[in-house]
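Please explain how this protein is arranged in space, beginning with its overall form and ending with individual residues. An account suited to a first-year student is requested.

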Amino acid sequence: MSEICFDCLNEIFGGNEDAKDYVLSDDLELCENCGEYKIVVITRRDFRYYFDKFRWITYPIFIISFPIILLFAPLIRFIIRKKLEKEQAERKQKRKTNQNGD
Ligand SMILES: [Zn+2]
């Protein structure tokens, strides 16, 4: 993100931006749009910002969950296949009883 002040950002995005949604610099820096020294916008407070801010907890969860998903994926696939086979067998049985009824 290029460094621009909040006033310029508001002008560019139509004036409906909330300062709470953005991380602003502590010191005055050169705004690349108006050329004045102002408090500039560093980043937007979005998912990625919070993911990075709380990385001491989000990163380990992310790293730990990956092998767990890999381990459980075949098991879940097995359960789903069993369920589908059961449903198919039931459907076949139902069709058979319908044919006998006619
Ligand atoms: Zn500016």
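The following paragraphs move from the whole chain to its strands, its core and two chosen residues.

The structure shown is a predicted model. Confidence in the prediction is expressed as pLDDT, and the mean for the protein is 91, with 97% of its residues at 70 or more. Among the secondary structure elements, strand E1 has the highest confidence, at a mean of 94, whereas helix H2, residues 47–53, has the lowest, at 90.

The protein contains three helices and two strands. Along the sequence these elements follow the order α-β-β-α-α. The radius of gyration is 28 Å, well over the 13 Å that the globule rule gives for 102 residues, so the protein is more spread out than a compact globule. The extent of the C-alpha trace can also be given along its principal axes, where it spans about 85 × 35 × 20 Å. Of the 102 residues, 6% count as buried.

The domain assignment divides the protein into domain 1, covering 6–50, and domain 2, covering 54–101. The C-alpha centres of these two domains lie 46 Å apart. As for contacts within the protein, 45% of those with a separation of 6 or more join residues that are 24 or more positions apart.

The two strands may be considered next. Strand E1 (22–30) pairs with strand E2 (residues 37–44) in the antiparallel sense, over six bridges. Two of the residue pairs illustrate this arrangement: Val23 has Thr43 of E2 as its bridge partner, and Leu28 has Ile39 of E2. E1 and E2 form a hairpin with six residues between the strands, and in this hairpin Gly35 adopts a positive phi near 75°.

Which residues make up the largest nonpolar core? This core has five residues, namely Ile4, Cys5, Cys31, Val40 and Val41. Val40 is in contact with three other members of the core, Ile4, Cys5 and Cys31, and also with Glu3, Ser25 and Glu29, when neighbours within four places in sequence are left aside.

Val41 is found in strand E2. Is this residue buried or exposed? A residue is buried if 20 or more other C-beta atoms lie within 10 Å of its own. Val41 has 25 C-beta neighbours inside 10 Å, and therefore counts as buried. Not counting residues up to four places away in sequence, Val41 touches Ile4, Phe6, Leu9, Tyr22 and Leu24. The lists for Val40 and Val41 may be read alongside a general principle. In a regular strand the side chains alternate between the two faces of the sheet. Pro74 provides a reference point elsewhere in the chain: Val41 and Pro74 are 33 residues apart in sequence and 46 Å apart in space, C-alpha to C-alpha.

Glu17 offers a second example, placed in the loop between helix H1 (6–13) and strand E1. With 16 C-beta neighbours inside 10 Å, Glu17 counts as partly exposed, because this class lies between the limits of 12 or fewer for exposed and 20 or more for buried. Glu17 touches Leu9 and Asn10, with residues up to four places away in sequence not counted. Leu9 is also one of the residues that Val41 touches. Glu17 and Phe51 are 34 residues apart along the chain, and their C-alpha atoms are separated by 22 Å.

Terms used
Residues are numbered from 1 along each chain as its sequence is written. This is a predicted model: local features need pLDDT of at least 70, side-chain atom pairs count only at pLDDT 80 or more; totals for chains, interfaces and linings use all residues. A nonpolar core is a set of buried Ala, Val, Leu, Ile, Met, Phe, Trp, Tyr and Cys residues joined through C-beta atoms within 7 Å. Two residues are in contact if their C-beta atoms, placed from the backbone, lie within 7 Å. Domain bounds come from an automatic or database domain assignment. Helices (H or I, at least four residues) and strands (E, at least two) are DSSP runs, numbered from the N terminus. The radius of gyration is taken over C-alpha atoms; the globule rule is 2.2 Å times the number of residues to the power 0.38. Two strands pair if DSSP finds at least two bridges between them. pLDDT is the predictor's confidence in each residue, from 0 to 100.
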